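Got your viewer open? Let's take a walk through this structure together, one selection at a time.

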Amino acid sequence: MSQQCFCRNWLVEKTSWTDANSGRRFLTCANGNCNFFRWVEPEFDDRSNGVIDRIKRRIRRKDDDHIMELVNSRKEYNEQEKKLKNEVWMWKCFALLLLLYVVHTWFSKAGKEDADVE
């Protein structure tokens, strides 16, 4: 027999992560149309609650460490990007100066040839 809530919808099993009931499973309305609520299992003992709390703290620390890794990676990426943009700008300047030198040399030789012809 399938279980139904007050509005005759299916029930879904969820897990509570509140401080008072961490890891405890409960049933509720699948559509959220009614206020049906029932615990699936009895309340955990103090030892179990302590274990769950320690696991949650460890996960939070890992998340914090991971976030700091991402922040530091982003900083390193931004620094590297800035260096590369600066290097690209320097190469563009070098290419422009080289082009100006070539054009200047070509026109000065062309001007001398025109002067020699006259």
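Start by selecting Arg47, Arg54, Arg57, Arg58, Arg60, Arg61 and Lys62: together they form a positive patch on the surface. Keep in mind as you click around that this is a predicted model.

Now pick just Arg54 out of that group. Arg54 sits in helix 1. Is Arg54 buried, exposed or partly exposed? Its relative accessibility is 43%, so Arg54 counts as partly exposed, since that label covers values between 20% and 50%.

Next stop: the opposite charge. Select Asp63, Asp64, Asp65 and Glu69, and you have a surface patch of negative charge. Click on Glu69 alone, and you are again in helix 1, which covers residues 46–117. How open is Glu69 to its surroundings? With a relative accessible area of 51%, Glu69 is exposed, because anything over 50% gets that label.

Stay with the helix and jump to Leu96, Leu97, Leu99, Leu100, Val103, Trp106 and Phe107. These residues make a nonpolar surface patch of about 760 Å². One of them, Val103, is a good one to zoom in on, and it too is found in helix 1. Val103 has a relative accessible area of 34%, so it is partly exposed.

Time to leave the helix. Select Gly23, and you land in the loop that joins strand 1 (11–15) to strand 2 (25–29). Is Gly23 buried or exposed? Gly23 is buried, because its relative accessibility is 17% and the cut-off for buried is under 20%.

Keep Gly23 selected and add Lys56. How far apart are Gly23 and Lys56 in space? Going from C-alpha to C-alpha, the gap is 9.9 Å, although 33 residues separate Gly23 and Lys56 in sequence.

Finally, clear your selection, zoom out and colour by secondary structure. You should find one helix and three strands in the protein chain. Trace the chain from the N terminus and the order of elements is β-β-β-α.

While you're zoomed out, turn the whole thing around. Along the principal axes, the C-alpha atoms fill a box of roughly 110 × 35 × 20 Å. The radius of gyration of the protein chain is 36 Å, whereas a compact globule of 118 residues would come out near 13 Å. And how much of the chain is buried? Buried residues account for 15% of the 118 residues.

Technical notes. Residues are numbered from 1 along each chain as its sequence is written. This is a predicted model: local features need pLDDT of at least 70, side-chain atom pairs count only at pLDDT 80 or more; totals for chains, interfaces and linings use all residues. Side-chain values use heavy atoms; hydrogens and water are left out. Patches are made of residues with over 30% relative accessible area and no salt bridge: like charges are joined within 9 Å, nonpolar side chains (Val, Leu, Ile, Met, Phe, Trp, Tyr) within 5 Å. Accessible areas come from the Shrake-Rupley method with a 1.4 Å probe; for residues, only the protein chains shown count as cover. A salt bridge is a side-chain nitrogen of Lys or Arg within 4 Å of a carboxyl oxygen of Asp or Glu. Lys and Arg count as positive and Asp and Glu as negative; His and the chain ends are not counted. The place of a charge is taken as NZ of Lys, CZ of Arg, CG of Asp or CD of Glu. Helices (H or I, at least four residues) and strands (E, at least two) are DSSP runs, numbered from the N terminus. Buried means under 20% relative accessible area, exposed over 50%, partly exposed in between (1.4 Å probe, protein chains only). The radius of gyration is taken over C-alpha atoms; the globule rule is 2.2 Å times the number of residues to the power 0.38.
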